[in-house]
Amino acid sequence: MNKLSLSDISVDTWVQNAPVDITRLVGSVVLIEVFQVNCPGCFIYSLPKAVQLHKTFHDRGLVVIGLATAFEDYDKNTLENLQLLADTGEVIGETYKALSQHGLLIEGNKLEWRLPFAVGMDRVTPETEPVTDEKVLSYTRQFLPEFEKLTDEQKKAVLAQVKQYMERKTMRAETFERFALQGTPSCILFDREGQLRDVSFGQIEHKQAMVEQCLAKT
């Protein structure tokens with residue numbers, strides 16, 4: 001994991017403030033905010049925090065990039081719906097339902113706020129390789145570092161769940177899988193040298209401390 005760097009982020013299409021040559025961001029602290037358009041928690045908690053970090057630390061050398069991905073709900077987590085979000089602020093699916101219930105939308109289906117930084121779509125391609133026991137085991141070890149510490153019965157149950165997931169998975173999200181993300185919202189943080197410093201899943205408040213730590217190192 002620690003061998004990954006800024007150049008390992010894959011963006012298929014930029015939809016806002018684009019294009020961005022990520023390799024030229026070395027020298028800045030870079031926060032990649034990974035979300036799905038059909039992810040209510042991303043819009044209620046994580047993306048607003050990313051906007052706050054952008055406003056607070058941009059002048060000190062932080063670059064925030066929003067990266068939409070898709071590891072489920074492929075009919076909703078699409079480039080078209082991401083472009084709709086970037087162009088109009090309109091949200092869809094479960095995101096719309098949750099934000100509407102919380103009274104967080106304007107004009108019926110639009111965000112009260114806009115993303116002020118560059119936004120792109122992860123490279124998502126059809127999954128064509130067959131699901132084998134070897135692939136299931138490799139995938140499990142990648143996403144669950146504690147796998148070998150489980151009992152034999154627990155391992156069997158986990159492998160069965162992973163195999164079922166992989167058999168249903170029709171698409172492959174390149175950045176999501178390369179960085180072994182556990183879900184959304186997630187963030188990937190790089191220091192000024194473009195080296196990976198942190199990967200976190202759902203730890204909203206954790207992000208600011210890590211950003212400040214990286215910015216303090218010159």
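1. Let's begin at a loop. Pro185 sits in the stretch that connects helix H6 (174–178) to strand S9 (186–190). Keep in mind as you look around that this is a predicted model. The peptide bond that joins Thr184 and Pro185 is cis, with omega at about 5°. When you trace the backbone here, that is the bond to pause on.

2. The loop between H6 and S9 also holds Ala180. Ala180 has a positive phi of about 50°, although Ala180 is not a glycine. Is Ala180 buried or exposed? Its relative accessibility is 12%, so Ala180 counts as buried, given that buried means under 20%.

3. Pro185 turns up again when you look at Ser200. Ser200 belongs to strand S10 (residues 196–201), and Ser200 counts as buried because its relative accessibility is 4%. Which residues does Ser200 touch, leaving aside those up to four places away in sequence? They are Pro185, Ser186, Cys187 and His206. To follow this on screen, pick Ser200 and show the side chains of these partners.

4. Another backbone angle deserves a look, this time at Asp73. Asp73 is not a glycine, yet its phi is positive, at about 45°. You will find Asp73 in the loop between strand S3 (62–68) and helix H2 (79–88). With a relative accessible area of 34%, Asp73 is partly exposed.

5. Now move to Ala173, in strand S8 (residues 171–173). Ala173 has a relative accessible area of 2%, so this residue is buried. Which residues surround it? Not counting those up to four places away in sequence, Ala173 touches Thr69, Ala70, Asp122, Arg123 and Val124. There is also a pair to compare by eye: Met121 is 52 residues from Ala173 along the chain, while their C-alpha atoms are separated by 9.7 Å.

6. Helix H5 makes a good practice case. H5 runs over residues 152–168, which is 17 residues. From its first C-alpha to its last it reaches 25 Å, close to the 24 Å expected at 1.5 Å a residue. Which residues of H5 are buried? They are Lys155, Val158, Val162 and Met166. These four lie on the same side of H5, because they cover an arc of only 70° around the axis.

7. What do the buried residues of H5 pack against? Their partner is helix H4 (133–143). On the face of H5 turned away from the buried side, you meet the exposed residues Glu153, Lys156, Gln161, Glu167 and Arg168. Try turning the view around the helix to see each face in turn.

8. Finally, the empty spaces. How many cavities of 30 Å³ or more does a search of the whole structure find? The search finds two. The largest has a volume of about 60 Å³, and its lining is made by Gln16, Leu85, Ala86, Leu111, Trp113, Arg114, Leu115 and Val119. That lining divides into six nonpolar residues, one polar and one charged.

9. The second largest cavity has a volume of about 30 Å³. Val37, Phe43, Asn81, Leu85, Glu90, Val91, Ile92 and Thr95 line this cavity. Its lining divides into five nonpolar residues, two polar and one charged. Leu85 is worth highlighting as you look: Leu85 is among the residues lining the largest cavity, and Leu85 is also one of those lining the second largest.

Definitions and conventions: Residues numbered from 1 in each chain as written. Predicted model: local features only at pLDDT ≥ 70, side-chain atom pairs only at ≥ 80, totals over all residues. Heavy atoms only, no water. 1 Å grid on protein atoms, 1.4 Å probe; cavity = no way out; pocket = protein on both sides within 12 Å on 5 of 7 lines; lining within 4 Å. Points joined across faces, edges and corners; volume = space filled by probe spheres on them. Nonpolar A, V, L, I, M, F, W, Y, C, P; charged D, E, K, R; others polar. Helix = DSSP H or I, 4+ residues; strand = E, 2+ residues; numbered from the N terminus. Expected span 1.5 Å × (residues − 1). Buried < 20%, exposed > 50% of the residue type's maximum accessible area, 1.4 Å probe, protein only. Arc of directions from axis to C-beta. Contact = heavy atoms within 4.5 Å.
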